[in-house]
Every structure is written in structure tokens, then in C-alpha cells.
Amino acid sequence: MQKTPRTDDATNRRLWRLVGPVVVGGSAAVLTALSSFAEHPTAVAGLAVLAIVLVGNGFAVIDVRIRSVSDGIVPTTAVITLAAVFLPAPAMILGTACGAFLSQLSRRATDPMKIGFNVGKDTIGATAAVAAAGAVGTSPILLDTTFSVIGVIPGLFAAFVAYMLVDEIVSHALFSIITGKPFRQLILAQVNFTIITRLGLFGVALATVLAYRISEWLLMVLPPLVSAIHLAAANQLRTRQGNEAWQRLAEATDEFNSVDETAVLYAAVRRATDIFSTDQAEVEIHPPRGGSRLVRSNGSEILYDGPPGEAPAAEGYLIPVALESYRGDGDLGQLRLRFRGSGPVRFTEREQYTLRTFTAALCTAIRNAATFAETQRLADSHARAAAQDPLTRLANRRRLQQYGNDILAGQAGVVGVLLIDLNHFKEVNDTLGHAEGDRVLLAVAERLTAAARPGDLVARFGGDEFAVLLAGLSAPAIAELRAHAMLDALAPAIELDDMRISVEASCGVTTGTGGSVGELLRRADIALYQAKQDGQRVVVYAQARDTADVNSLTLGGDLARAIAEHQFTVHFQPIVDLASGRVIAAEALTRWQHPDQGPLSPDRFLGAIERSGQLAAFADAVLDQALIAVTDWADAGYQIPVAVNVSPRSLLDPSFPDAVARRLSARGVPASALVIELTESVTLSKLEVVDEVLAALRDQGIRLALDDFGTGFSSLATLARVPVDELKIDRSFVSAMNASAPGAVVRSTIDLGRSLDLLVVAEGVEREDQRQQLWELGCPAGQGHLFARAMPSDRLLAHLHRGEGHLADPLHDTGAVIRMSRSRRARRMSLGAEPPPGRERST
């Protein structure tokens with residue numbers, strides 16, 4: 001084994017602790033051999049032959065790189081082992097030293113440390129080999145023409161073992177210093193390859209002795225045998241290195257599956273030092289958001305993580321590799337492999353291919369981490385927008401409802417709701433302007449927040465209406481006392497520049513220990529209305545004055561008969577492909593044809609149904625009508641799925657998926673033709689039963705849609721947990737999408753749907769310009785009065801027949817060239833569309 005170290009000065013100082021004794025020991029062996037060489041003048045020819053053979057070995061080197069150290073593997077073992085039993089000790093030692101020195105020169109070595117180490121190591125190994133052979137009583141064959149093969153074998157084996165031990169111990173001690181890896185680890189890593197190769201060369205040596213005993217001319221077979229074994233060892237080594245490299249590469253790509261940027265970068269620099277045998281590796285990235293980042297490692301620990309400009313200087317030979325974006329829109333950064341010393345390090349063709357594969361996987365991982373980070377940023381942004389009032393930064397209605405429902409579900413005592421409305425606030429806006437009115441609202445928000453207690457939540461519902469949720473009350477009567485305290489906090493005048501404005505307010509109060517916050521808000525609103533009507537400061541809700549509650553009780557008593565007499569009818573509003581106007585689905589909307597009160601919309605009776613024991617029968621009746629419609633449409637040649645809204649309480653029923661499966665089977669409708677629309681109150685629930693029900697529905701092949709996306713407190717957090725197939729943009733955002741905030745929600749939802757391969761449906765499309773704008777933003781589908789109102793199944797089928805499956809004209813003729821806005825083109829390019837002529841896409 002021939003070692004060629006390339007190291008820096010600091011490493012050289014450590015290496016001299018090993019190299020120095022090796023050089024001294026080799027020199028001592030040479031001087032000793034010279035002093036006794038004259039006693040064996042006949043060994044001059046053997047010395048010359050040994051030196052020539054060793055020089056020839058130098059041209060049969062197999063180059064192996066470990067970090068910045070070149071490891072040359074040559075078939076020296078067989079030659080040294082044979083020389084130990086053929087030649088006298090002085091000739092053998094001197095021949096080895098001369099041959100090793102000339103071999104170094106033939107390989108153009110110029111580093112004195114390298115030359116001295118390799119010559120000294122081989123000389124010490126030869127000295128150990130000839131000493132071991134002599135110790136077992138073996139005489140040099142050239143001096144004993146009557147030798148027997150049996151008598152030579154012990155000396156041959158002793159010489160083989162002695163040289164192998166010296167070569168392996170000294171060589172791996174060197175690499176342990178260079179690489180910093182434990183000596184034991186390096187020995188064990190090469191043990192199989194070492195044993196097989198060395199034993200093969202020992203066999204060559206033994207065969208050579210046998211051939212020489214038969215005839216000197218049979219020595220001609222020695223070079224082919226050595227070459228064959230050497231080539232076999234080379235192939236085995238390359239195959240092993242290739243397999244190990246691909247295994248380490250596969251392990252690295254597994255670690256790249258993380259969506260955490262730090263985890264990806266740490267895995268990259270640690271794995272790169274191992275896969276490419278470098279002293280250090282670093283990755284510098286330039287994310288689209290935030291500053292550049294540099295991570296550096298030596299394989300065992302992270303040396304630096306921070307801005308590139310503040311990183312400590314690092315020396316050594318550097319191989320930089322650009323991390324190029326496959327979109328061709330700029331580099332992601334750079335991977336740098338660093339080696340000790342200043343000499344060049346050249347990669348083999350296999351290493352170069354591995355490096356390209358590694359960097360491609362790293363680029364993908366960095367892009368995925370950046371995409372996830374952007375998604376999280378959007379989620380946080382949407383969550384804040386959905387949970388906060390933009391002016392006062394208080395909670396909004398959705399946030400209060402979610403918080404209140406969580407409190408009620410936890411059975412944390414009595415919950416109170418205060419609904420506060422400022423009196424005569426319109427006069428402030430009309431007299432002083434909206435800017436000053438906003439200052440008054442901010443002052444009110446600050447005072448209410450200061451008067452609240454831990455666990456309370458203050459919210460603004462818009463305009464001059466505020467709400468306070470009181471958690472953990474010990475008794476209902478305390479809510480009224482807290483309401484008076486809140487209004488007292490608003491009593492001091494508010495100073496606006498040189499004016500003092502007094503604020504008066506009215507408050508409606510209600511309490512409860514269960515139910516929903518929506519019901520408590522409704523009752524508080526009734527109490528607030530009574531307070532304003534009667535001119536009172538605070539009014540507590542009284543059920544006797546709640547006519548709506550009486551109507552709800554009446555409806556609850558009519559439900560069983562309504563279901564039995566099929567008073568619930570299902571209408572269908574089509575969902576249309578925005579570009580072509582083709583109907584791609586329909587949403588089922590339920591109406592109650594009440595015999596006394598006439599047609600009732602769902603908001604009038606759903607609460608009563610959920611509180612009754614008729615929910616399962618009602619859901620089954622609605623689903624059955626929807627599936628009948630799907631069957632009728634399919635018989636007419638229209639494969640149109642139907643979307644059905646599901647009550648939150650249905651998903652709390654573990655038997656619900658089986659009921660749906662039975663209904664699908666009874667009507668012969670495939671599961672893929674049914675879409676279950678989920679409300680956020682359902683998906684935000686983290687109850688295990690909800691997750692199990694949703695998983696069971698998905699396992700059947702039923703698609704899930706997230707309704708009113710963007711209006712809830714944490715829609716994106718919900719999306720990350722619930723495996724939905726569709727997103728439906730709430731009509732409130734569509735109607736106001738020309739404003740900045742709603743428009744941002746629409747655009748980000750469309751982009752998110754495209755990124756996650758989800759169908760995005762815009763609700764409430766009323767005008768042709770809205771359709772055009774949504775299509776230009778990349779929204780594929782929509783529903784609304786522009787296309788059709790909700791209608792019975794047979795009427796929708798008639799519309800389909802008249803339009804041959806279309807409810808609107810296509811936006812553009814087939815094959816037409818569409819000039820899109822610059823922003824639209826940019827978005828298409830960023831999403832991977834074909835690049836313009838003259839620009840190649842990187843892969």
C-alpha cells in the first residue's frame with residue numbers, strides 16, 4: 001500500500017509524530033543492510049531485480065482518495081513476501097528501499113515527507129518480513145539450491161504476515177491522523193477487502209515458489225498472475241466504493257425529505273463530508289425572503305450557521321458547485337467542498353456523477369423547504385387576518401366563536417357573552433371624520449382590553465360593535481356585574497387633540513354552560529336590541545322575550561313528520577369550468593317546504609335538526625336525493641359529481657361512513673361521484689373521532705372539500721391536517737376581491753390550491769368580469785348566479801341538454817392566442833410553464 005498525503009502545516013506537525021519514526025526506522029534498516037551487504041556479493045543481481053519489480057509495481061497503482069490524501073494501492077505484498085525467502089536480508093532490504101524510492105520518482109512525487117514516509121514504511125515492512133522468515137529458520141532460496149517447498153512455506157507465511165501487519169498498521173495510523181477518524185474504525189472498514197486481496201497475493205507468492213522449484217522458466221507466469229489479482233482487487237474496490245457511495249447518497253436523500261430548512265442544510269453539510277470524503281463542507285443559500293445563510297460542518301459538528309459575511313475564514317483547496325434552480329430564474333446558492341492543503345483534488349467520473357445527483361436532490365430539498373416556509377407564512381398571515389380585526393387588532397367574530405366553542409367544550413364553568421354597541425357613534429364619524437372615529441374605536445378597544453381579566457377575550461365585530469367573552473364565571477349573575485364594569489371603563493372622556501369626547505354604550509348580556517357561542521351571541525344580540533329599545537345601559541337576555549327561540553322549538557317538533565312526509569327537497573347549483581363554461585359538478589342545497597311557514601332556508605332549521613334526534617335520518621334523506629340526481633344525470637350521459645354539506649355533528653358519529661357506503665351501494669353510485677363539504681368548525685376540531693370518520697370517508701374514495709376557505713381562524717393549519725381534495729373560496733372574498741386584503745386571500749388560495757394539486761372553486765360568481773378575473777388568476781372553477789341559481793335536478797338536466805353540458809360561453813375560442821397580463825405570465829412561469837423561446841429550462 002502506497003500513501004500520498006496532502007496536508008496543511010498544522011497537520012504536518014501532527015504527522016511528524018508518525019512520519020519521523022518511520023523515516024528514522026527505515027534509514028536505520030538501510031544503514032544496517034549496507035554494513036553487511038559485502039558479505040553477500042552474489043545477491044547484487046537479486047537486489048537489482050527486486051528494485052526493478054518494485055518500480056514496475058509503481059505503474060500498476062490503483063488510485064484511491066481519502067479526503068485530500070491520495071492512497072495508491074500497488075501489488076507489493078507478493079513481491080516483498082517472495083524477496084524475504086529468496087534473497088539474503090541485506091539485499092532484500094536494500095532492494096526494497098531502492099525500488100520504493102525509484103517508484104516514488106517514477107510517479108513524479110516531490111514532497112519530501114511523502115517520499116520519506118513511503119520509502120521508510122516499505123523498508124520497515126521488508127525488514128520485518130525478512131526477520132520473520134529468518135526467525136522460523138528459512139534460508140534464502142538463492143543461497144540454498146536444495147531447498148524444499150514444504151520447508152519454505154512457514155517462512156513465506158511469516159514474512160507475509162509481518163509485512164501485512166506493518167503496512168496496515170502504519171498506513172491506517174496515517175489516515176487516522178489525516179481524517180480524524182478512529183484507527184479501529186478505519187481498520188474494520190477495510191478488513192474484508194484487505195484480507196481477500198492480501199491472501200490472493202500470498203497465493204501468488206506460494207505459486208511462484210512452486211514454479212521456481214520445478215523450473216526457473218515458470219517464473220514467467222508471475223507477472224500475469226500478479227496483474228490478474230491486482231485487476232480483480234481494483235474491480236472489487238471500485239464496486240464496493242460505488243455501492244457504499246450510493247448507499248450513503250440514498251441515506252442523504254432520505255434526510256432531505258424534511259421540510260425544515262435547517263434540517264436540510266445540516267444534513268447536506270454533514271453528509272457531503274462523508275460521501276465525498278472532504279475535510280469540510282458548506283452550503284450558502286439565497287432565499288427569496290430573508291438574508292443569505294451559510295452553514296459549515298466538518299462532518300461531526302456544525303462549525304458555523306449564519307450570514308455568509310460573518311463566517312470565519314477557511315483555508316484549503318475548494319470545489320464549488322452551483323445550486324441551480326430548475327426554473328432557470330437564478331441560483332439557489334452554492335455547495336462548497338473544502339480539502340486541507342492547496343493541491344488540486346480531482347474527482348473520478350463516479351464521484352462527479354454522485355456529486356451532480358447529490359446537488360440535484362439538495363436543490364429540490366431547498367426548494368421544498370422554501371415552499372413549505374412560504375406556505376407556513378401564508379398560513380400564519382391568513383390566520384392572523386382571519387382572527388384579527390384589522391383596525392384594533394382585537395379578535396374578530398370567527399376568533400371569538402372558535403375560542404368560545406373550545407371553552408364550552410371544556411366545561412369550564414359558566415360562560416358569559418357581552419355584546420357592546422357604542423351609542424351615537426355615527427355622529428362622531430359624520431362630524432369629525434372617519435380618521436378621528438377610528439381613533440375613538442382604538443381607545444375603546446384599549447379600555448375594554450384593560451378591563452378584561454385573564455381568560456377573557458375582547459373582540460370587535462365591525463363598526464362600533466364589540467363583544468367580550470367571559471370564561472370561568474362562578475355564577476351567571478357575575479356576568480351582569482362584569483358588564484357594568486366594562487361600561488364604567490368607557491365612561492372617562494377620550495381626548496382627541498384639543499377635544500374631549502364622551503362615549504356611551506349599551507350592552508346585552510347572556511350566559512350559558514353548553515351549546516354553541518353562536519347561540520349565545522344571538523341571545524346577546526336580542527338583549528342588546530332590548531337595551532337600545534328601552535334606553536337601558538345593560539340588559540340580561542330573557543327567554544320569554546325571544547320569539548325566535550319559540551319558533552325554533554316549534555320547528556323541532558315538526559321535524560319527524562317533515563322527514564317522514566319528504567318535506568325536505570334538494571336543489572342543485574352547478575359548479576362550472578370558468579374557461580369553457582362546462583358543468584363539472586353540482587352542490588346540493590336543502591330546502592324545507594314547511595306546510596305552515598312556507599319555504600325555509602337551512603339557517604332557519606339546521607340548528608333545530610342538530611339539537612334533535614333526527615340528524616341521521618335527515619342526512620340520509622338528503623344524501624339519497626343527491627345520489628338519485630347523480631344517477632339521473634349519468635343515465636342522460638352527464639357524469640357530474642355532487643357535493644353535499646355535512647353537519648359537524650355527523651362527523652362525530654363513528655357509524656356515519658358506513659351509512660354513506662350503504663347509501664352509495666343502494667343507488668349504485670361510485671364513491672368518486674360524491675364530494676363531502678366540510679365546514680371549518682368541523683375541521684378545526686381535533687377530536688380523534690372526527691379524524692377517524694374523515695379517514696374512513698377518504699378510504700372509500702369519497703372526495704373532501706373545505707368550504708368557505710379563508711374565513712376561519714386557522715384555515716391553512718386545518719388544511720395541513722385534513723386531507724381535502726378541494727378548496728372553496730368564500731363568496732365574501734370573491735365579491736370584494738378588487739380590494740387589497742380580499743384580493744390577496746383569493747390569489748393566495750388559488751396559488752396554494754395549485755401548489756397542493758387541489759381543485760379551487762370560487763363561490764358567489766355574479767358577474768362576467770369576476771369570472772374573467774378569476775380565470776386570469778388561475779382559478780379553474782366557480783359557481784354563482786352568473787351561471788345558474790340552485791334548481792331541482794330535472795331543471796338542471798334540461799339546462800344541460802340545451803347547452804350540451806355548458807351553462808356559459810367559453811371565454812376564448814379554441815386555438816385562439818390569448819394575450820395575458822405580465823403578472824399572469826410571471827405566475828405561469830413560476831409554476832413551471834414552458835419558458836419563452838430562447839430560454840432553456842434547467843433540470
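## Exercises on a predicted model

Strands β7 and β8 (residues 331–339) pair in the antiparallel sense, and eight bridges link them. Keep in mind that this is a predicted model. With that pair as a starting point, let's work through some exercises.

**Exercise 1. Find the sheet that holds β7 and β8, and work out which strands stand at its edges.**

*Solution.*
Step 1: Begin with the strand order. Five strands make up an open sheet, running β6-β5-β4-β8-β7, with antiparallel pairing.
Step 2: Look at the ends of that order. β6 (302–306) and β7 (317–324) each have a single partner strand, so one side of each has no neighbour in the sheet.
Step 3: Add the twist, which averages 10 degrees from one strand to the next.
Step 4: Zoom in on one position. Pro320 stands opposite Arg336 in β8.

**Exercise 2. Decide how helices α20 and α22 are oriented to each other, and say which residues make their contact.**

*Solution.*
Step 1: Recall what to look for. Two packed helices are described by the angle between their axes and the distance between the axes.
Step 2: Find both values. The axes of α20 (residues 656–667) and α22 (residues 688–699) come within 9 Å, with a crossing of roughly 25 degrees.
Step 3: Apply the cut-off. Angles under 35 degrees count as roughly parallel, and α20 and α22 are therefore roughly parallel to each other.
Step 4: Give the hand of the crossing, which is right-handed.
Step 5: List the residues. Phe656, Pro657 and Val660 of α20 meet Val693, Ala696 and Leu697 of α22.
Step 6: Sort them by class. The contact has six nonpolar residues, with no polar and no charged ones.

**Exercise 3. Is Gly508 buried or exposed, and which residues does Gly508 touch?**

*Solution.*
Step 1: Locate the residue. Gly508 belongs to strand β14 (residues 505–512).
Step 2: Check the accessibility. Buried means under 20% relative accessible area, so Gly508, at 0% relative accessibility, counts as buried.
Step 3: Look at the surroundings. Leaving out residues up to four places away in sequence, Gly508 touches Val417, Leu418, Leu419, Ala524, Ala527, Leu528 and Val539.
Step 4: Take one of these, Val539. Val539 is 31 residues from Gly508 along the chain, and their C-alpha atoms are separated by 5.2 Å.

**Exercise 4. Place these details in the whole chain: how many helices and strands does the protein chain have?**

*Solution.*
Step 1: Count the elements. The protein chain has 28 helices and 24 strands.
Step 2: Turn to burial. Of its 843 residues, 48% count as buried.
Step 3: Consider contacts between residues at least 6 apart in sequence. Of these, 70% join residues at least 24 apart.

Technical notes. Residues are numbered from 1 along each chain as its sequence is written. This is a predicted model: local features need pLDDT of at least 70, side-chain atom pairs count only at pLDDT 80 or more; totals for chains, interfaces and linings use all residues. Side-chain values use heavy atoms; hydrogens and water are left out. Axes are lines fitted to C-alpha atoms, for helices over the stretch in contact, and angles run from 0 to 180 degrees between N-to-C directions. Helices (H or I, at least four residues) and strands (E, at least two) are DSSP runs, numbered from the N terminus. Angles under 35 degrees count as roughly parallel, over 145 as roughly antiparallel, 65 to 115 as roughly perpendicular and the rest as oblique. A crossing is left-handed if the near helix is turned anticlockwise from the far one by less than a right angle, and right-handed if clockwise. Contact means heavy atoms within 4.5 Å. Ala, Val, Leu, Ile, Met, Phe, Trp, Tyr, Cys and Pro count as nonpolar, Asp, Glu, Lys and Arg as charged, and the others, Gly among them, as polar. Two strands pair if DSSP finds at least two bridges between them. Buried means under 20% relative accessible area, exposed over 50%, partly exposed in between (1.4 Å probe, protein chains only).
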